[in-house]
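Reader: Could you take me on a close look at a single strand and its surroundings in this model? I would enjoy one connected walk through the part.

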Amino acid sequence: MPQLSQSALLGLSLQELTVLVADAGQPAYRARQLFDALYGVRVAATDQISTLPQEFRRELADKGYAVGQPTIEKKFVSRDGTVRYLIGFADGQSVETVWMPEGDGGETGDGSEAGEPERRRWDRATICVSSQVGCAVDCQFCLTALLGVKRNLSAGEIVGQICAVLNDQHVSPPEDRVNLVFMGMGEPFLNYDNFIKAVRLLVEGVGIAESRMTVSTAGIVPRIYDFGQEPVRTKLAISLNASNDELRSRLMPLNRKWNLEKLIATARDFPLRNRERLTFEYVLLHEVNDSAQNAREVVELIRGLRAKVNLIALNPGPGIDFRTPEEERVLQFQKILVAAGVPTFIRRPRGRDIYAACGQLKRTVEG
Ligand code: SAH
């Protein structure tokens, strides 16, 4: 158990490690060795960094540096192969991180995988990553909202979740292909700087391509704009969840601040890359937002956008006052969007039996 007084190496950029190494009077190439050990080899302790001389490893420890990889406190395995990890940090806080060996069911949805032979068991494995302890956004259908927000995760804690899960699954990018979705606990765009720093470390250090990562936001409009300007960024998903302002403000109180007009205007301005598409997520709530009229309103809202829609039938939970629509209504909703030319996918629930599915992450300690 790392002591609170220790400072974590995980989360430091190559540039920051370069300063640290220079301060220690070591040659500059040691920074790259540290960087590779932290993010590429994903060591759990400084004494495992075999490329560094013993003496420098000891010096790091004496100065109070530790790797700072979070610990797996609990692990729940679903019937469908999904694994929900409870991941603990040095201050005793924890989040959930989910391993989905066959992806999240929404897939990339751009057809790029079609016809690709399945190379390995985890060819489309996806890790669902948390960005905050709890969440402040207060979406009425989401269990994480019930926790409130405790704190932001640091860049090192965001990357650390992924390192811990990769190690546990014996998976090593870039040889093993892994997708990341920043759709776990928290609102990534309310922890923007740490999220962006984590993405860079994941690309440069861990070896996961930006094109294999997707961030989902509840709709923090100014940050969507900032995100579009980032030189290194993931793909973008926006949680739409309602087809008009009246409904959306009821389900997602943040809509009173950033309404659909502002949200959709920002989406229209978003600088998409070649062949890139936006994703809109839409949680279907029985007889609340799942009618044919709602579907037609969604079509109008996103008309002309290069986008696809992922439909998620509500994953239920204690304290959530909505019901899951029947399969038929979900298919009906999808049919209307598809008929209007909107590529629309139904995200299969993953790990519902272990509380690992969308909107169910609340640090449940029972299996
Ligand atoms: N805060 C971010 C990312 C986390 S939520 C966001 O809001 O986008 C990830 C997705 O799960 C969102 O699209 C959200 O609308 C959806 N979701 C939340 N609660 C859900 C539930 N109970 N059932 C199904 N999907 C849910």
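Author: Happily; what follows is a tour of strand β10 and its neighbours, with a short visit to two other parts.

This is a predicted model, in which local features need pLDDT of at least 70 and side-chain atom pairs count only at pLDDT 80 or more, while totals for chains, interfaces and linings use all residues. Residues are numbered from 1 along each chain as its sequence is written, and side-chain values use heavy atoms, with hydrogens and water left out.

Let us start with the strand itself, β10, residues 213–217. Helices (H or I, at least four residues) and strands (E, at least two) are DSSP runs, numbered from the N terminus. Five of the five residues of β10 are buried, so the strand is largely enclosed by the rest of the structure. Buried means under 20% relative accessible area, with a 1.4 Å probe and protein chains only. In a regular strand the side chains alternate between the two faces of the sheet. Here Met-213, Val-215 and Thr-217 are buried on one side of β10, and Thr-214 and Ser-216 are buried on the other.

Now for the partners. Strand β9 (residues 179–182) pairs with β10 in the parallel sense over three bridges; two strands pair if DSSP finds at least two bridges between them. Leu-180 has Met-213 in β10 as its bridge partner. From β9 the chain crosses through helix α5 (residues 192–206) to β10, a right-handed β-α-β crossover. Right-handed means that, with the strands pointing away from the viewer, the path from the first strand over the helix to the second runs clockwise.

Strand β11 (residues 235–239) also pairs with β10 in the parallel sense, over four bridges, and Ser-216 stands opposite Ala-237 in β11. The chain reaches β11 from β10 through helix α6 (residues 221–228), and this β-α-β crossover is right-handed.

Phe-182 ties in well here. Leaving out residues up to four places away in sequence, Phe-182 touches Met-213, Thr-214, Val-215 and Ser-216, and its other contacts include Phe-195, Val-199 and Leu-202. Contact means heavy atoms within 4.5 Å.

Two other parts round off the visit. Gln-161, in helix α4 (residues 155–169), is buried, with a relative accessible area of 0%. Beyond its neighbours within four places in sequence, its contacts include Val-129, Ser-130 and Leu-153. In helix α9 (residues 292–301), Asn-294, Ala-295, Val-298, Val-299 and Leu-301 are buried. These buried residues of α9 pack against α7 (245–251), α8 (260–269), β12 (278–284) and α10 (327–339).

Notes: Buried < 20%, exposed > 50% of the residue type's maximum accessible area, 1.4 Å probe, protein only.
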